[in-house]
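Colleague: Could you take me slowly through the side chains of this protein, looking closely at how rings and charges meet, and then at the residues around them? I am in my first year, and I would like to see how each statement can be checked in the picture.

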Amino acid sequence: MLKNKRQGHADPVKIFVLSVTVSALIYFIIYAIIGNGRFADIFFKRCADFFMDFFNSVRDASQGSAVYTERHVIYPPMANLIYLIFSRFTPNAYNDTDFTDRFEWHEYASPMMLTVIISTAFAIIFCFIVYSRLEHPSRYLRFAFAFFAFFSAPLLYMTERGNMMIFCMISLMIYAFTYGSKSRLHREIGLLCLAFAFSIKLYPVVFGWLLISDKRYKDAIRCAVYGLLMLIIPSFFFGGPVCFVHLFNNIFNFSAGTDSTLSTILNYIGASAAGKSVFTAAVYVWVMICGICFAVSPFITDDKWKTWTLGLATILCVPSLTSNYGWAFFIIPIIMICNKQNRRRSNMLYVIFMTIPFIFLPFRINYYVTPTTVAVYVMTAVLSVYSVADTVMMTVKRLRQRKIAESN
């Protein structure tokens, strides 16, 4: 029955698997010819800063309350608590190094082993979730999808950085795929995972809107309580709730003293100060429009994947949140589309837009920018525009239908 309903339509599973597979093969051939370790072109600074999102944070968190007062970290307490735990598995001699000696982790055996364990565990957990939640009649395609979902450009980039996004991604996936579960236990685990994702990255809180829009108010309240507890309790490892004062000061100082990637791009192309101000303001206006459409989306469509797509697109439209590894979250709506029994051709455009940054794009534009980075920025713009336009059209259609129903 499942096969028959899906016959005659493009299979998004095959589209994703073939796109990543073919691009990976081409990438492999190109760099086998070039040699000299150039295959690392796809990663941040060609891996010159390998796993340092992880080890920098481990060193900082190991300092206790000084993580906020001296190291001026902008991560919430839960994220620092996780790094503090990991610091118990790295040598004190490394934990106490200053910033200039941060690359010395590879001189110790335990940190090297830690990178292997964390990367392997992430790969296994991620692939298991994808394989188990993907509904497809072919076991081989399910396995291929899970395999190439991990061995894709954004996921490998995320793994190479060792970023806290790894934990946030797993948590959001569990929340998304247990959201409509018939099991009360599974739904509760999903709420805990959303709260956990919020406690380490904050912005995943937007997906709590799904609970409110579906009138699951008790679930939303419990999730909010879980989230607050996961914010407050870890703070006692870093001096208590007063650490939030230091945290917000650090965030403000960091934002004021550091150019975003968008600002860097505008500087690179020689934009004037006035031009940068106007363009940046326009970007944030667009973020607000996307956010409004995201808020409206659950009320005008039963396709949860459209709401997830809009939410993720809105997040990535924020200049400071646009990143290669951030695109990895789109694996959630892609799987949701793959699981739909009745697919419209127009939905395949979503699949194509979301799949493009997952493919391997060879070479580099310069030391800091890769073609994948450009693809992420371009497809963030394209996908957000397409999603907003789709939402507007669905809203107009709903209003017309309601008007006709009232007139009858």
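Modeller: Let us begin with the meaning of one phrase: a charge sits over a ring if NZ of Lys or CZ of Arg is within 6 Å of the ring centre and within 35 degrees of the ring normal. Please keep in mind throughout that this is a predicted model. With that phrase in hand, look at arginine 102, whose charged end sits over the ring of phenylalanine 99 at 3.9 Å from the ring centre. Another place to look is tyrosine 131, where arginine 142 lies over the face of the ring, 4.2 Å from its centre.

From charges over rings we can turn to rings that meet other rings. The structure holds 36 aromatic pairs, and one of them is formed by tyrosine 68 and phenylalanine 238, which meet edge-to-face with 6.2 Å from centre to centre and 85 degrees between the planes. If you trace the chain, you will find tyrosine 68 in helix α4 (residues 66–69) and phenylalanine 238 in the loop between α13 (217–235) and α14 (243–257), so this pair ties together parts that are 170 residues apart in sequence. As for the surroundings of these rings, tyrosine 68 has a relative accessibility of 1% and therefore counts as buried, and phenylalanine 238, with a relative accessible area of 2%, is buried as well.

A further pair to examine is that of tyrosine 175 and tyrosine 179, whose ring centres are 5.8 Å apart and whose planes stand at 85 degrees, which means that the pair is edge-to-face. Here tyrosine 175 is buried at a relative accessible area of 1%, while tyrosine 179 has a value of 10% and counts as buried too. Ring pairs can also join into a cluster, and in this model such a cluster links Phe50, Phe51, Phe54, Phe55, Tyr75, Tyr83, Phe86, Tyr94, Trp105, Tyr108 and Phe167.

Now for charges that meet opposite charges. A search of the whole structure finds 12 salt bridges, including the one between aspartate 41 and arginine 46, where the closest N and O atoms are 2.6 Å apart. The two partners differ in how they are covered, for aspartate 41 is buried at 0% relative accessibility, whereas arginine 46 is partly exposed at 33%.

In another salt bridge, the side chains of aspartate 214 and lysine 304 meet at 2.6 Å, counted from N to O. This pair links distant parts of the chain, since aspartate 214 is in the loop between α12 and α13 and lysine 304 is in helix α17 (residues 304–317), 90 residues apart. Aspartate 214 is partly exposed, with a relative accessible area of 32%, and lysine 304 counts as partly exposed at 27%.

The setting changes when we come to arginine 216 and aspartate 219, whose side chains meet in a salt bridge at 2.9 Å, N to O, and here arginine 216 and aspartate 219 are both buried. Salt bridges may form a network as well, and one of this kind links Asp49, Asp53, Glu160 and Arg161.

Two residues deserve a look for their backbone. Cysteine 47, which is not a glycine, has a positive phi near 70 degrees; this cysteine lies in the loop between α2 (12–34) and α3 (52–61) and is partly exposed, at 27% relative accessibility. Leucine 202 likewise has a positive phi near 70 degrees without being a glycine, and its place is the loop between α11 (184–201) and α12 (209–213), where its relative accessible area of 34% makes leucine 202 partly exposed.

Last, consider the cysteines. A disulfide is a covalent bond between the sulfur atoms of two cysteines, and the count of disulfides here comes to zero. For cysteine 193, which is buried at 13%, the closest cysteine sulfur belongs to cysteine 223 and is 9.8 Å away, too far for a bond. Cysteine 290 is in no disulfide either, the nearest cysteine sulfur being that of cysteine 317 at 4.4 Å, and cysteine 290 counts as buried, with 1% relative accessibility.

Key: Residues are numbered from 1 along each chain as its sequence is written. This is a predicted model: local features need pLDDT of at least 70, side-chain atom pairs count only at pLDDT 80 or more; totals for chains, interfaces and linings use all residues. Side-chain values use heavy atoms; hydrogens and water are left out. Rings of Phe, Tyr and Trp (its six-membered ring) pair if their centres lie within 6.5 Å; planes under 30 degrees apart count as stacked, over 60 as edge-to-face and the rest as tilted. Helices (H or I, at least four residues) and strands (E, at least two) are DSSP runs, numbered from the N terminus. Buried means under 20% relative accessible area, exposed over 50%, partly exposed in between (1.4 Å probe, protein chains only). A salt bridge is a side-chain nitrogen of Lys or Arg within 4 Å of a carboxyl oxygen of Asp or Glu. A disulfide is a pair of cysteine sulfur atoms within 2.5 Å.
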